[in-house]
Amino acid sequence: SARKSVRPPKGTTPKAATPMPPSHLRQNAPATRPNSSVARSRSPYPAATLGTPPATNRPPKTSELFIDGGDCYYEFEINALNTAYEVFFIWRDAYQRSSKFDVPEFDVFQPDAHTFGGNHDRDATTFWRGTHPRGGRWAFVNWDLPGLNTAVQIDGILNDRAVISKGWRVEMALPWAGMKWLASGRSLPPKAGDEWRIFFGRFQKLRVGDSVASPAWSWGRIGDGDNHIPQCFTRVVFSNKQVDEV
């Protein structure tokens with residue numbers, strides 16, 4: 001995934017940070033909402049080291065969410081310390097003068113707007129451009145999804161390999177109003193039958209001998225080491241039916 005320095009957990013400030021209670025649950029998120037997601041990661045040794053900036057390397061274990069918006073997409077990562085990481089991507093072929101993205105919010109001359117070609121944009125044969133047919137994207141690494149709230153709970157002990165834990169859980173509340181750029185003409189909130197493409201995944205760094213492997217799990221198969229392929233994100237069709245009615 002694209003790199004970015006992480007910032008303090010959502011809902012906290014340096015002057016009024018909320019202490020972590022014994023349950024390791026950050027009290028900075030509201031109760032579960034209709035547009036919230038809960039992810040559980042089973043891990044005998046939950047680990048996280050990046051809690052405050054500055055930091056440029058990715059956490060050893062993260063839960064990730066990508067949302068496709070057609071000519072753009074959103075990346076969100078979170079670790080077990082409730083440290084969030086967000087990037088908003090716009091395909092360069094869609095970013096034109098006087099287009100809907102030609103607004104101050106997505107000023108490509110700002111210091112933290114970068115070009116990004118996917119996870120293969122540093123390979124010798126695909127340097128800069130990457131492998132996606134659409135080519136490069138503009139990556140806005142300081143963009144935050146409006147109204148996003150998160151909470152993390154550890155089922156065990158964090159960063160202690162002497163104790164076998166059960167894992168950790170993250171809850172994300174994403175207001176529909178904050179996803180206007182991703183709607184691409186679709187209703188907010190979605191109507192029954194509307195289809196979105198959303199990637200839910202878990203990434204982990206594992207030491208194997210003298211090297212480090214980075215296995216990943218996701219709802220749907222991407223089929224590539226580059227997860228920045230929106231057309232491969234899982235199809236999510238919204239419905240008014242309850243789960244037991246489907």
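Helices and strands here are DSSP runs, numbered from the N terminus. Keep that in mind for names such as α1 and β9. The model on screen is predicted.

**Whole protein**

Start with everything shown. There is one helix, alongside 13 strands. Colour along the sequence and the order reads β-β-β-β-β-β-β-β-α-β-β-β-β-β. The protein has 246 residues, and 47% of them count as buried. About 13,200 Å² is exposed, with carbon and sulfur atoms supplying 53% of that area. Now consider contacts between residues at least 6 apart in sequence: 67% of them join residues at least 24 apart.

**Strand β3**

Select residues 72–78, which make up β3. Seven of its seven residues are buried, so β3 is largely enclosed by the rest of the structure. Show the side chains. Cys72, Tyr74, Phe76 and Ile78 point one way. Tyr73, Glu75 and Glu77 point the other way.

Add β2, residues 61–68. β2 and β3 pair in the antiparallel sense, over six bridges. Pick Leu65 and look across to Phe76 in β3, which stands opposite. The two strands form a hairpin with three residues between them, and Gly70 there takes a positive phi near 85°.

Add β4, residues 84–91. β4 also runs antiparallel to β3, joined by seven bridges. Pick Tyr73; its bridge partner in β4 is Phe89.

**The turn at Asn82**

Stay with β3 and β4. They form a hairpin with five residues between them. Select Asn82 in the loop between these strands. Its phi is positive, about 65°, although it is not a glycine. Most residues other than glycine have a negative phi. Is Asn82 buried or exposed? Asn82 has 0% relative accessibility, so it counts as buried, the cut-off being under 20%.

**Asp68**

Go back to β2 and select Asp68. Which side chain of opposite charge is nearest to Asp68? It is Arg197, 5.6 Å away. Asp68 is buried yet has no salt bridge. A salt bridge would need a side-chain nitrogen of Lys or Arg within 4 Å of a carboxyl oxygen, so 5.6 Å falls outside the cut-off. Now show the backbone of Gly70. The Asp68 side chain reaches the backbone nitrogen of Gly70 at 3.1 Å. Leaving aside neighbours within four places in sequence, Asp68 is in contact with several residues, including Tyr73, Leu182, Trp196 and Phe233.

**The loop from α1 to β9**

Select the helix α1, residues 180–183, and the strand β9, residues 195–204. Then walk the loop between them.

Stop at Ser184, which lies in this loop. Ser184 has a positive phi of about 55° although it is not a glycine. Ser184 is partly exposed, with a relative accessible area of 41%.

Move on to Leu188 and Pro189. A cis peptide bond joins them, with omega about 0°. Most peptide bonds are trans. Pro189 sits in the loop between α1 and β9.

Next select Pro190, found in that loop too. At 16% relative accessibility, Pro190 counts as buried. What does Pro190 contact beyond its neighbours within four places in sequence? Show Trp176, Trp196 and Phe238. Pro190 and Phe238 are 48 residues apart along the chain, yet their C-alpha atoms are separated by 6.9 Å.

**Last view**

Finish with Trp196 shown together with Pro190 and Asp68. Trp196 is in contact with Pro190, and Trp196 is also in contact with Asp68.

How values were computed. Residues numbered from 1 in each chain as written. Predicted model: local features only at pLDDT ≥ 70, side-chain atom pairs only at ≥ 80, totals over all residues. Heavy atoms only, no water. Helix = DSSP H or I, 4+ residues; strand = E, 2+ residues; numbered from the N terminus. Buried < 20%, exposed > 50% of the residue type's maximum accessible area, 1.4 Å probe, protein only. Contact = heavy atoms within 4.5 Å. Areas by Shrake-Rupley, 256 points an atom, 1.4 Å probe, with all protein chains shown as cover. Lys, Arg positive; Asp, Glu negative; His and termini not counted. Polar contact = N/O pair within 3.5 Å; in protein donor to acceptor, adjacent residues only side chain to side chain. Pairing = 2+ DSSP bridges.
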